[in-house]
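Please read this briefing beside the sequence and the coordinates. It takes the overall form first, then the aromatic rings, and then a single loop residue.

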Amino acid sequence: TNFYNISASIDRPDVSNYLRRKEVRSAFGAVSLGYDNIYYLDATIRRDISSALPAGNNSYWYPSVSFSMVFSDLLKWEPLSFGKLRVGFAQAGSDLDPYQTYESFILGDPYKAPDNVTYLPMYLPNTLNNPNVKPALGSSLELGLDAKFLNDRVGFGVTYYNQQNKNQVLNIDVSGAIGYSNTVINAGNIQNKGIEVSVNAIPVKSKMFSWNTLINLSRNTSLIKELYPGINTLVLDQNTYSRVSVYLNANVNAAFGTLIGNAYARDPKTGKILLDAGNLPMFTENHDFGSVLPDFTGGWQNTFRFGGFDLSAMIDFQSGGRFFSWTKMLAVKSGQAAETAVLNDKGKNVRDPVADGGGVKVNGISSITGEEVTAYVDAKSYFRTVLGNSVYEEWLYDATYIKMREIRLGYTFSKNKY
């Protein structure tokens, strides 16, 4: 009674709709102090009250404080145009999506019973909500040095940071015997620390032409220090195709984002791939391929100005990190990739029958005899059944790249000329 929803209309349309309400009230304060144009102190404080958190425990504070000193004004060294030391500490809190602290019902599809009365079913979700959940909290310490020389023609900046995120709001699997498949908890302590370095220069500067260049490098080290008592692995993401799964996990005492999947089974002595009785590659499950995170990232920007024209180009680069390519895997599995129709070393198409000189040439160690084997196998069995379905190592790629991020050409109109 008195429930109005388009799904309950006469024609029963197939619709999906929801209403979520969340309110956050905030109070913020800041103070900034300076002395002698050398010493600076800044501090902030913020308090949030979130309707998504449990009543009575729905507010959280997070402060920040930073101090800097312009030491170049103390040294009075002529080549040094500007120099500053800085240190800062900050905390940041966060809540969660609404309706995760108390039980609520999900609306089902309306139906008409034999008594000609329309009923609107409701059911409990699969997630067990948590009335004791707390806001997540991130704490960060940062140290830095900035310097410029020769009237700002050359400069650099160095920053070290150490950040820890605690009490993150996570969903974990629970036994279905309690009537739910997962629950909401506070867990985790993830540490990120690293260093960022930037160098800038003006190699050429004249009335008509100038060249500005800036390069930056950063390296971040991630470590999952803890998850939840009794839990050392948390599945962040999972993809399953043809009953074979690949996972993105968070493992205690490892970097964030570990890739887990099927890998080639290899001979421990030679490292070569093991072959089964049919000379097809064998595989092992749940192999750790390492973290998806890069070793370091960076960028290089150059800006050239000639008269009213300016030309800017930015290059980004990254070293390390890994990813799976499902696009490549499915292209091979479906026979659309070029390598599934090439000529083998006999001059025959790999799709031709092995008896006629076709097939894919494989080399490895026989799991039956322990001897090295070179043989030709059926292309469909090799590409579709094994590589395109069971061996994710084949589709693992290095995430290193160098790319042109942006090229921009502009012109500045001068009011004096026009």
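The points below are grouped by topic and describe a predicted model.

The protein chain holds three helices and 25 strands. Its radius of gyration is 30 Å, well over the 22 Å that the globule rule gives for 418 residues, so the chain is more spread out than a compact globule.

**Overall form and surface**

- Taken along the principal axes, the box filled by the C-alpha atoms of the protein chain has dimensions of roughly 85 × 75 × 55 Å.
- Burial applies to 32% of the 418 residues of the protein chain, while the accessible surface of the chain comes to about 25,900 Å², with 55% of that area belonging to carbon and sulfur atoms.
- When contacts in the protein chain are restricted to residues at least 6 apart in sequence, 59% of them join residues that are at least 24 apart.
- The protein chain carries 39 positive and 38 negative charges, and the mean positions of these two sets lie 6 Å apart.

**Aromatic rings**

- A search of the whole structure returns 13 aromatic pairs, and one of them, formed by Phe-149 and Phe-156, is stacked, with 6.2 Å from centre to centre and 20 degrees between the planes.
- Both partners of this stacked pair can be placed by their accessibility: Phe-149 counts as partly exposed because its relative accessibility is 23%, and Phe-156 is likewise partly exposed, with a relative accessible area of 29%.
- The rings of Tyr-382 and Phe-383 have centres 5.1 Å apart and planes at 80 degrees, and the pair is therefore edge-to-face, the cut-off for that class being an angle over 60 degrees.
- Tyr-382 and Phe-383 are both buried, whereas Phe-149 is partly exposed and Phe-156 is partly exposed.
- Ring pairs also link Tyr-241, Phe-289, Phe-324, Trp-326 and Tyr-392 into a cluster.

**A buried loop residue**

- Gln-100 has its place in the loop between β4, which covers 80-94, and β5, which covers 106-107.
- Although Gln-100 belongs to a loop, Gln-100 counts as buried because its relative accessibility is 16%, which falls under the 20% cut-off.
- Leaving aside residues up to four places away in sequence, Gln-100 touches Asn-129, Asn-130, Asn-171 and Val-184.

Notes: Residues numbered from 1 in each chain as written. Predicted model: local features only at pLDDT ≥ 70, side-chain atom pairs only at ≥ 80, totals over all residues. Heavy atoms only, no water. Helix = DSSP H or I, 4+ residues; strand = E, 2+ residues; numbered from the N terminus. Rg over C-alpha atoms; globule rule 2.2 N^0.38 Å. Buried < 20%, exposed > 50% of the residue type's maximum accessible area, 1.4 Å probe, protein only. Contact = heavy atoms within 4.5 Å. Areas by Shrake-Rupley, 256 points an atom, 1.4 Å probe, with all protein chains shown as cover. Lys, Arg positive; Asp, Glu negative; His and termini not counted. Charge placed at Lys NZ, Arg CZ, Asp CG, Glu CD. Phe/Tyr/Trp six-rings, centres within 6.5 Å; stacked < 30°, edge-to-face > 60°.
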